[in-house]
Each structure stands twice: as structure tokens, then as C-alpha cells.
Amino acid sequence: MTDEGKIGELFKQKRAFLKSSMKDYSSGGNDMLDDVEGLLNEAKAEITNRLELASCLKEESEGAWRKECLSAFEEWFEKWFGET
């Protein structure tokens, strides 16, 4: 697996497919991939920031840190993937 992870690898594969497609189809497909990739980058930055903020609690209390991390992740997951 690469540093980009599975999602990054999927994007590379789909862009390679679109590159070999008809020009109009390729352009529209790349636009859609750009939109999805932008949202994924936003989601990644958001969860990274939330977990970094929660790490301040780790020195005070392992339990409080775990609780905050779980809460941050649950809120993030619901925002980006909907209710479970």
C-alpha cells in the first residue's frame, strides 16, 4: 500500500481509466473526482485537527483523552457518512 492509502490509490486508478476515455467523458469524470477528492481532504484535515486537539487531554487523563477521541470521531463520522 502507498502513503496515499487505499482511497488515493483508487483515485489514481480511476484517473488513469478516464485518461484513456473519450475527452468529454474524461473531463466530466475528472471534475467529479476532483470534487470527491476535495471533500475527502477536508474530512481528513478535520478529523486530524479534532484528534490533535484531544491529544492535549492525554497528559491529564487517559480516560478523558479516550472519551474525547471517541466523541470527536463519532461526531466526525456522523457528519461525513450520516447516522449509523
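Is L40 buried, exposed or partly exposed? With a relative accessible area of 32%, L40 is partly exposed. The legends below refer to a predicted model.

**View 1. A nonpolar patch on the surface that includes L40.** The side chains of I7, V36 and L40 make a nonpolar surface patch of about 230 Å². L40 belongs to helix α2, which runs over residues 23-54.

**View 2. Helix α2 and its buried residues.** Helix α2 comprises 32 residues and spans 46 Å between its first and last C-alpha atoms, close to the 46 Å expected at 1.5 Å a residue. Its buried residues are S26, G29, N30, L33, A43, E46, I47 and A54. The cover over these residues includes α1 (5-19) and α3. Also placed in helix α2 is G28, which is partly exposed, at a relative accessible area of 29%. Between the C-alpha atoms of G28 and L18 the distance is 9.2 Å, and the two residues are ten apart in sequence.

**View 3. Salt bridges between helices α1 and α2, centred on R15.** A network of salt bridges links R15, D34 and E37. In the pair of D34 and R15, the closest N and O atoms lie 2.7 Å apart. Because D34 is in helix α2 and R15 in helix α1, this pair ties together parts that are 19 residues apart in sequence. The second pair joins R15 to E37, with 3.0 Å between the closest N and O atoms. Here R15 lies in helix α1 and E37 in helix α2, so parts 22 residues apart in sequence are tied together. Three relative accessibilities describe the setting: R15 is partly exposed at 23%, D34 is partly exposed at 39%, and E37 is partly exposed at 30%. Side chains of opposite charge can pair when their charged atoms come close.

**View 4. A salt bridge between helices α2 and α3.** The side chains of E46 and K79 form a salt bridge, at 2.8 Å from N to O. This pair connects distant parts of the chain, with E46 in helix α2 and K79 in helix α3, 33 residues apart. E46 is buried, with a relative accessible area of 19%, whereas K79 is exposed, with a relative accessible area of 53%. The model has five salt bridges in total.

**View 5. The buried and exposed sides of helix α3.** Helix α3 covers residues 62-81. Its 20 residues reach 28 Å from the first C-alpha to the last, close to the 28 Å expected at 1.5 Å a residue. Which residues of α3 are buried? They are W65, C69, A72 and W76. These residues lie on the same side of α3, because they cover an arc of only 70° around the axis. Helix α2 is included in what covers the buried residues of α3. R66, K67 and F81 are exposed on the other side of α3.

**View 6. A64 in helix α3, and the residue that follows the helix.** A64 is found in helix α3 and counts as partly exposed, at 33% relative accessibility. A distance of 8.9 Å separates the C-alpha atoms of A64 and A54, which are ten residues apart along the chain. After α3 comes G82, with a positive phi near 90°.

Notes. Residues are numbered from 1 along each chain as its sequence is written. This is a predicted model: local features need pLDDT of at least 70, side-chain atom pairs count only at pLDDT 80 or more; totals for chains, interfaces and linings use all residues. Side-chain values use heavy atoms; hydrogens and water are left out. Patches are made of residues with over 30% relative accessible area and no salt bridge: like charges are joined within 9 Å, nonpolar side chains (Val, Leu, Ile, Met, Phe, Trp, Tyr) within 5 Å. Accessible areas come from the Shrake-Rupley method with a 1.4 Å probe; for residues, only the protein chains shown count as cover. A salt bridge is a side-chain nitrogen of Lys or Arg within 4 Å of a carboxyl oxygen of Asp or Glu. Helices (H or I, at least four residues) and strands (E, at least two) are DSSP runs, numbered from the N terminus. Buried means under 20% relative accessible area, exposed over 50%, partly exposed in between (1.4 Å probe, protein chains only). The expected span of a helix is 1.5 Å times one less than its number of residues. The arc is that of the directions from the helix axis to the C-beta atoms. Contact means heavy atoms within 4.5 Å.
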